Amino acid sequence: MSVATTANYLNAEKGIKSWLFTLDHKRIGLMYLFAVMTSFFLGGVFALLIRLELLHPGQDFFTADTYNQLFTLHGAVMIFLFIIPAIPAALGNFVLPLMLGAKDVAFPRLNLASFYIYVVGALFALYSIVAGAVDTGWTFYTPYSTTTSTSVISMTMGAFILGFSSIFTGVNFIATIHKMRAPGMTWFKMPLMVWALYATSIIQVLATPVLGITLLLLVIERTVGIGIFDPAMGGDPVLFQHFFWFYSHPAVYIMVLPGMGIISELVATFSKKKIFGYKLIAYSSLGIALISFLVWGHHMFTSGQSEFSSMVFSFLTFFVGIPSGIKMFNWLATMYKGRITFEAPMLYTIAFMFLFAIGGFTGIMLGAISIDIHMHDTYFVVAHFHYTMMGGTVIAFLGGLHYWWPKIWGRMYNEKLAKVAWAFIFVGFNVTFFTQFFLGSQGMPRRYYNYLDQYQPLHMYSTYGSWMLGVGFLIMAYYLIYSIYKGPKAPNNPWGALSMEWQTTSPPIQHNFEDQPVLEHEPYDYDTRMVVNDELIKKEDVKEKEDINV
Amino acid sequence: MEQAEKHPSYLQHHFADMAQQTDAAKLGMWVFLVTEVLLFGGLFGFYTFFRAWYPEMFMEAHKYLDVTMGTTNTFVLITSSLTMALAIRAMQLGKKKQTIAYLAGTLFFAAVFLVIKYFEYSHKFHMGMLPGKFYTFEGIQAANPHIFFSVYFTMTGLHGIHVIIGMIIITWVMIRTMRDEFSPEYYNPIELTGLYWHLVDLIWIFLFPLLYLIG
Amino acid sequence: MEQHNTATPHVLPLSLYFTVAGTLFVLTGITVAVSFVHFGEFNIIVAMLIATIKASLVALYFMHLKYDNKLFMAVFLSSLIFLGLFLTLTMTDTMHRGDIDPIKEHPIKKEAIIYDK
């Protein structure tokens, strides 16, 4: 028996209480993982139901009202319950202290509190499903959201509470990254995932409170009619969109930045090459965080905001392309002449680059006012954000999930099945959403449960694609859950990665490391070091040996 | 003795030393204060945009706020900030009784603030100057005066909630001080409470001229 | 890593606290007095200027920003910068509604429905 199986964070304490009251960032990360995966499943079911209704024109399975509720719930659940906490709160919680060589995050109790606040927020959201689900879309635009009779208040209160959970994670991570780094780990020796989480936390902290107050004002507007958003009360509905997007545009970078962090880790590990342009990737994360606050008005070109404002926002929007492009080119340059191996995490990395490039380019298209006026509220927009959010964030999340799975559970998943699932997801995703670019450019409006006959072939392909996606995720669920119980034991460092989380056992011991680790090499020193069977070898030593043998 | 000093009970296991713990906690608090500023930021936006749209209405409506009460409250809140700062200073010097007294003083001024606020509110309620659709006052001859009172009540209301939360936290650290949990080596919770309380004061410093002193 | 020695507290003299509080009182008096003089546009500028000075005093001395880790100051200032961005960029809209299309300048209904009698 190896040491790893005798004592680790999973078996150190037993019983349900040891989980519910744990302050261990790894266990809290796992509880978050369980919660976000449940939400993902729920949101996924809603998505499949939406696609089912759209298989044929006319009313097939749901009424128009039910359909409105379905797409609202799909959006709200996926955004607030799944994708925002998915990488930072679930995976990030698990790996951040490990990557920094710390025993825990800076504020473990706040960490646990954030999880329970998440649960309370989720319960509010669930309650709104039972009590006549919201039908406003996840954006809660006024004046409809102040007049509809559905349960807007419980859903917005849910999102408000979830915001606090997100803020606490952000506060925690910022303090952790500033104060808990292992001796020797300077800012520019941190893994890029940490940089990405840092940038994410900054956005969480700066943007989420504005969403909080916005939703609070919306609730007060509904109950008291204070006249800020409701035109009948002298308010301005466009102002709601400003308030809302001041959070929600940066929020898409809360979603995608940590995904980019994962990709930076994966691309270096599986190319076994020093990451190209470390500092540029790090700075571009901060650059994206900053610029993300300057562009929200591009969601509002057709809302009635002033033409001057549209011009300013359109102009600023193009700047987002720069740091994203920097990242993309640096990843490609990292792969160039690398010794690439194609395990599942790397397949997701490549899928990310391909899909996010499409998502990003179409984003630039939509940032141009003249095009957006025509494309606004069509399937083109739907396809664009699914390419960035699902093709970007979810794919990166899956890559990270497979990458750290052996570290989390100490077990390997089935690589063959993983590749099959990847193929289903990659192909299924493109079939589902690439068709929607065509639908959108032909004028199919979003959020309609019915459509003209001419759109039917493309809608049909899109629905078939969604089924492929569903099959892919089912396979994944099977082999991942199977591996927890029956998977072969994972070595400490199955991928030969150099960042600190791989220096401890798989699964890690309760306080992460036997002794306080000290940074001895940088996270991407693949040019001078390699890992063989969990042992770190300096490449010069190998060469010397070879020379002697010759 | 040497060992005991190295690992005091208030040093959490995952920190290397007190300096790291204190600095992390302070940083965390400052980051949290940032979120508070932006939370109020939405309301400052509410104020700014509507004041720009309805300058005359704001001018007319603000005359119905009581400048004397507002000014008194400003003095009260600044004094409470002073006593809070002095409470921390007393604990830095290890003077437990002084700390408790200053914290009690802070609580007292906070309560005075709320009492004055209560009289202002009840007067407004009585006159029908309520926010939104409950607005019934007819004395202001400008478009949409209810919006000014919506701004007034949401801003001072959220601020008042913060005062109440602050009072709860101050009571809590006061009890902990009585229980001898703090010392010149470890008084971090009082310090963080102080930061929070000063922020509540800071926000009022802006609310006061914006609402009461429109030219 | 920016290590800051907080183990030994930095105790400020009592007189400093009282001076700051005194200054805050005086400034409050000034801002109230000035509000009764009509400068038109300048009233708000003067009021905000005084409020900013007062807030800075509280932050620098009561909140110890002047003596603490400078990182905290940067963190706090960032909140003001982003609040400024929010207000400024939104005002590119709210202040320019009627620039090209005058019909967009005003809301459809001038007064809220509660005034319909």
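I take contact to mean heavy atoms within 4.5 Å. The model I am working from is predicted.

**Entry 1. Chain A against chain C**

I started with the contact between chain A and chain C. It takes 27 residues from chain A and 23 residues from chain C. I looked up the buried area next and got about 2300 Å². Carbon and sulfur atoms give 68% of that area. On the chain A side, Lys179(A), Leu206(A) and Glu307(A) lose the most area to chain C. Together these three make up 22% of what that side buries.

Then I checked charge pairs. The rule finds two salt bridges across the interface of chain A and chain C. I noted one of them by name: Glu307(A) with Lys104(C). Their closest N and O atoms are 3.0 Å apart. Side chains of opposite charge can pair when their charged atoms come close. I also looked up polar contacts across this interface, and eight residue pairs came back, both partners at pLDDT 80 or more.

Which elements of chain A give two or more residues to the side that touches chain C? I listed α7 (152-179), α8 (192-224), α9 (237-271) and α11 (307-317). Of the elements, α11(A) gives the most to that side, with six residues. By class, the chain A side divides into 16 nonpolar, seven polar and four charged residues.

**Entry 2. Chain C against chain B**

I moved on to chain C and chain B. Here 59 residues of chain C are in contact with 57 residues of chain B. The area buried between chain C and chain B is about 5000 Å². Carbon and sulfur atoms give 76% of it.

How many salt bridges are there between chain C and chain B? I found one. In it, the side chains of Asp68(C) and Lys26(B) meet at 2.9 Å, N to O. For polar contacts between chain C and chain B, I got nine residue pairs, both partners at pLDDT 80 or more.

On the chain C side, the elements that give two or more residues are α1 (14-35), α2 (42-62) and α3 (70-94). I noted that α3(C) gives the most to this side, with 14 residues. The residues of chain C that touch chain B divide into 36 nonpolar, 16 polar and seven charged.

**Entry 3. Cavities**

I searched the structure for cavities of 30 Å³ or more and found six.

The largest cavity holds about 130 Å³ of space. Its lining has 16 residues. Phe80(A), Ile84(A), Pro85(A), Leu162(A) and Ser166(A) lie nearest its centre. I traced the lining to its elements: α4 (64-100), α7 and α8 of chain A each supply at least two residues. The most comes from α7(A), with six residues. What classes line this cavity? I counted 10 nonpolar, six polar and no charged residues.

The second largest cavity holds about 70 Å³. I wrote down its lining from both chains. From chain B it takes Lys26(B), Ile88(B), Glu191(B), Gly194(B), Leu195(B) and His198(B). From chain C it takes Phe62(C), Met63(C), His64(C) and Asp68(C). Lys26(B) and Asp68(C) were familiar to me, as they form the salt bridge of Entry 2. Helix α7 (residues 188-212) of chain B gives the most to this lining, with four residues. By class, the lining has four nonpolar, three polar and three charged residues.

**Entry 4. Chain B on its own**

I then looked at chain B by itself. Its secondary structure comes to seven helices and zero strands. Read along the sequence, I get the pattern α-α-α-α-α-α-α. The C-alpha atoms of chain B fill a box of roughly 75 × 30 × 25 Å along the principal axes.

I counted salt bridges over all chains and reached 16. I looked at one within chain B. Glu120(B) forms a salt bridge with Lys117(B), with the closest N and O atoms 3.3 Å apart. Why are Glu120(B) and Lys117(B) separated by about one helical turn? They are three residues apart in helix α5 (residues 96-127) of chain B, so about one helical turn lies between them.

Technical notes. Residues numbered from 1 in each chain as written. Chains lettered and ligands numbered in written order. Heavy atoms only, no water. Buried area = accessible area lost by both parts, 1.4 Å probe. Salt bridge = Lys/Arg side-chain N within 4 Å of Asp/Glu carboxyl O. Polar contact = N/O pair within 3.5 Å; in protein donor to acceptor, adjacent residues only side chain to side chain. Nonpolar A, V, L, I, M, F, W, Y, C, P; charged D, E, K, R; others polar. 1 Å grid on protein atoms, 1.4 Å probe; cavity = no way out; pocket = protein on both sides within 12 Å on 5 of 7 lines; lining within 4 Å. Points joined across faces, edges and corners; volume = space filled by probe spheres on them.
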